[in-house]
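These are my notebook entries on a single chain, written down in the order in which I looked things up. I began with a loop and worked back towards the sheet.

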Amino acid sequence: MQSNKAAPKISNKRTLILILAVFVLPALVATLMYVTGWRPSATGNHGELIQPARFIEDRVMQSVDGKAVRFGELYGKWTMVYFDSAACPEECMKQLYFMRQIHIAQGKDQDRIQRILILTNATSIDTLPAKLTEYPEMRVWTGDKTALAKLTHDFGIETDAGTEQRNIYLLDPQGNLMMRYVPGSDPAGMRKDLARLLKYSIENSSIKTGKE
């Protein structure tokens with residue numbers, strides 16, 4: 001008789017252990033990964049994911065024709081951002097070309113994307129328009145020393161190295177810095193990342209509004 005009574009107890013213990021394993025073990029593993037700093041060697045994105053995403057403040061800037069603009073004007077679309085001097089040497093032009101081609105490759109979603117070049121140094125600005133004749137849709141802004149210092153700080157750029165890093169940055173429509181692509185990043189991978197983000201943002205929006 002005792003063995004018959006013990007069986008349900010053993011079964012209940014096993015069930016409890018199974019429940020704990022299902023719900024507690026993943027949390028323990030996640031905590032261990034966070035504490036040790038371990039990350040998967042292969043991820044679904046091709047650039048460096050900014051974690052946590054960093055909000056870029058709305059600051060007063062200046063267009064190349066001298067008009068006051070605000071960084072917040074970029075909110076509402078996915079934005080590719082690039083920093084360099086007005087001299088824009090060969091490596092700079094190469095990055096602007098990649099940005100343009102990635103933008104065009106998004107097809108019907110092109111209107112959801114914009115590109116901007118932030119000039120960290122306006123010296124040689126007179127030579128810039130001729131270089132950008134094939135980039136009519138790209139905004140070109142600059143700012144005073146204080147505004148530029150704060151903006152580059154928001155992007156995690158060392159002021160003295162701002163024109164040397166030549167990273168391409170990606171902001172979401174809320175103005176959050178999401179991704180960073182160092183020079184030499186695969187443009188095809190950048191295109192795939194952006195396409196995936198555009199698709200996800202549409203699906204997420206549909207879920208929130210209850211649309212199919």
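**Entry 1, a loop after β5.** I started at S124, which I located in the loop between β5 and α3 (128-131). The model is predicted, and I kept that in mind when I read the backbone here: S124 has a positive phi of about 70°, although this residue is not a glycine. I then asked whether S124 is buried or exposed. With a relative accessible area of 38%, S124 is partly exposed, because that class lies between the 20% limit for buried and the 50% limit for exposed.

**Entry 2, a second positive phi.** I next turned to C88, which sits in the loop between β4 and α2 and, although not a glycine, has a positive phi of about 40°. C88 has a relative accessible area of 1% and therefore counts as buried, the limit being under 20%.

**Entry 3, the sheet.** Which order do the strands of the sheet follow? I read an open sheet of eight strands, with mixed pairing, in the order β1-β8-β7-β4-β5-β6-β2-β3. The edges are formed by β1 (48-55) and β3 (68-70), each of which pairs on one side only. From one strand to the next, the twist averages 35°. Helix α2 (residues 90-104) packs on this sheet, where I found it touching β4 (78-85), β5 (113-121) and β7 (168-171), and its direction makes about 170° with that of β4.

**Entry 4, one strand pair.** I looked at how β2 (residues 60-63) meets β6 (residues 139-142), and noted that the two strands run antiparallel and are joined by two bridges. For S63, I noted W141 as the bridge partner in β6.

**Entry 5, a cis bond in an edge strand.** In strand β1 I came to P52, and checked the peptide bond that leads into it: the bond from Q51 to P52 is cis, with omega near -5°.

**Entry 6, F71 and its surroundings.** My last stop was F71, in the loop between β3 and β4. F71 has 0% relative accessibility and so counts as buried. Which residues does F71 touch, if those up to four places away in sequence are not counted? I listed I56, E57, D58, R59, M61, W141, L151, F155 and L171. W141 in this list is also the bridge partner of S63 noted above. For D58, I also noted the separation from F71: the two are 13 residues apart in sequence and 4.9 Å apart in space, C-alpha to C-alpha.

Terms used: Residues numbered from 1 in each chain as written. Predicted model: local features only at pLDDT ≥ 70, side-chain atom pairs only at ≥ 80, totals over all residues. Heavy atoms only, no water. Pairing = 2+ DSSP bridges. Helix = DSSP H or I, 4+ residues; strand = E, 2+ residues; numbered from the N terminus. Axes fitted to C-alpha atoms, helices over the stretch in contact; angles between N-to-C directions. Contact = heavy atoms within 4.5 Å. Buried < 20%, exposed > 50% of the residue type's maximum accessible area, 1.4 Å probe, protein only.
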